[in-house]
Amino acid sequence: MVALTKVQDGGLNLTSAGLPSGSVLQVVTATHTTQATTTSNTFVDTALTASITPSSSSNKILVLGSLSLYNSSTNGVATATIDRGTYNLGDSDFGLGYIYNTGGALVSQTPIVLLDSPSTTSATTYKVQISRSSNNVGTAVISVNSTPSILTLLEIAG
């Protein structure tokens, strides 16, 4: 049942505390169009970040990304992950998404979908990180030729 409260003007005011579990409480979006590169085999920060302050520690954050990834060399890998604080939310080598260059000039708009439970009501920053994985080949690129990379955070009622 949704809790409604009557306000003085006769209208209804819906509070987030009265919304059912699974409701979207807030949305934050960040877009990055400046190309960034790395030859690191471990994840490095990019300028694509977004912060959200959950209203309850039981709420979850749905992290959505659309990342423009590229590796400059044949057999090269470009990987991306999401970092919360100092915690990598993806695989230590392949992150949450990657592209493998098999010999063409392929740029991938790589999707990221992750449901996180930060268990806090403090401001929480999510950073996109990239690497070229452990294969030591080429240069990993995000937002190649200014192709947009997007990070969206949705607070979901717990």
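Tyrosine 98 counts as partly exposed, since its relative accessibility is 47% (buried is under 20% relative accessible area, exposed over 50% and partly exposed in between, with a 1.4 Å probe and protein chains only). This is a predicted model, where local features need pLDDT of at least 70, side-chain atom pairs count only at pLDDT 80 or more, and totals for chains, interfaces and linings use all residues. Residues are numbered from 1 along each chain as its sequence is written, and side-chain values use heavy atoms, leaving out hydrogens and water.

Tyrosine 98 sits in strand S9 (strands are DSSP runs of E, at least two residues; helices are runs of H or I, at least four; both are numbered from the N terminus). In a regular strand, side chains alternate between the two faces of the sheet. S9, residues 97–100, does just this: Gly97 and Ile99 point to one face and are buried, while Tyr98 and Tyr100 point to the other and are not. Tyr98 and Tyr100 also join Phe94 in a nonpolar surface patch of about 310 Å². Such a patch takes residues with over 30% relative accessible area and no salt bridge, with nonpolar side chains (Val, Leu, Ile, Met, Phe, Trp, Tyr) joined within 5 Å and like charges within 9 Å; a salt bridge puts a side-chain nitrogen of Lys or Arg within 4 Å of a carboxyl oxygen of Asp or Glu. Areas come from the Shrake-Rupley method with a 1.4 Å probe, and for residues only the protein chains shown count as cover.

S9 runs antiparallel to strand S7 (residues 77–84), and 4 bridges join the two (strands pair if DSSP finds at least two bridges between them). Isoleucine 99 in S9 is the bridge partner of alanine 78.

Just past S7 comes glycine 85, in the loop between S7 and strand S8 (87–88). Neighbours within four places in sequence aside, glycine 85 is in contact with Thr125 and Lys127 (contact means heavy atoms within 4.5 Å).

As for the whole chain, it has 0 helices and 13 strands, and 40% of its 158 residues count as buried. The largest nonpolar core has 22 residues, and Val63, Leu67, Leu69, Ile82, Tyr126 and Leu151 have the most contacts inside it. The largest share of this core, 4 residues, comes from S6. A core of this kind is a set of buried Ala, Val, Leu, Ile, Met, Phe, Trp, Tyr and Cys residues joined through side-chain atoms within 4.5 Å.
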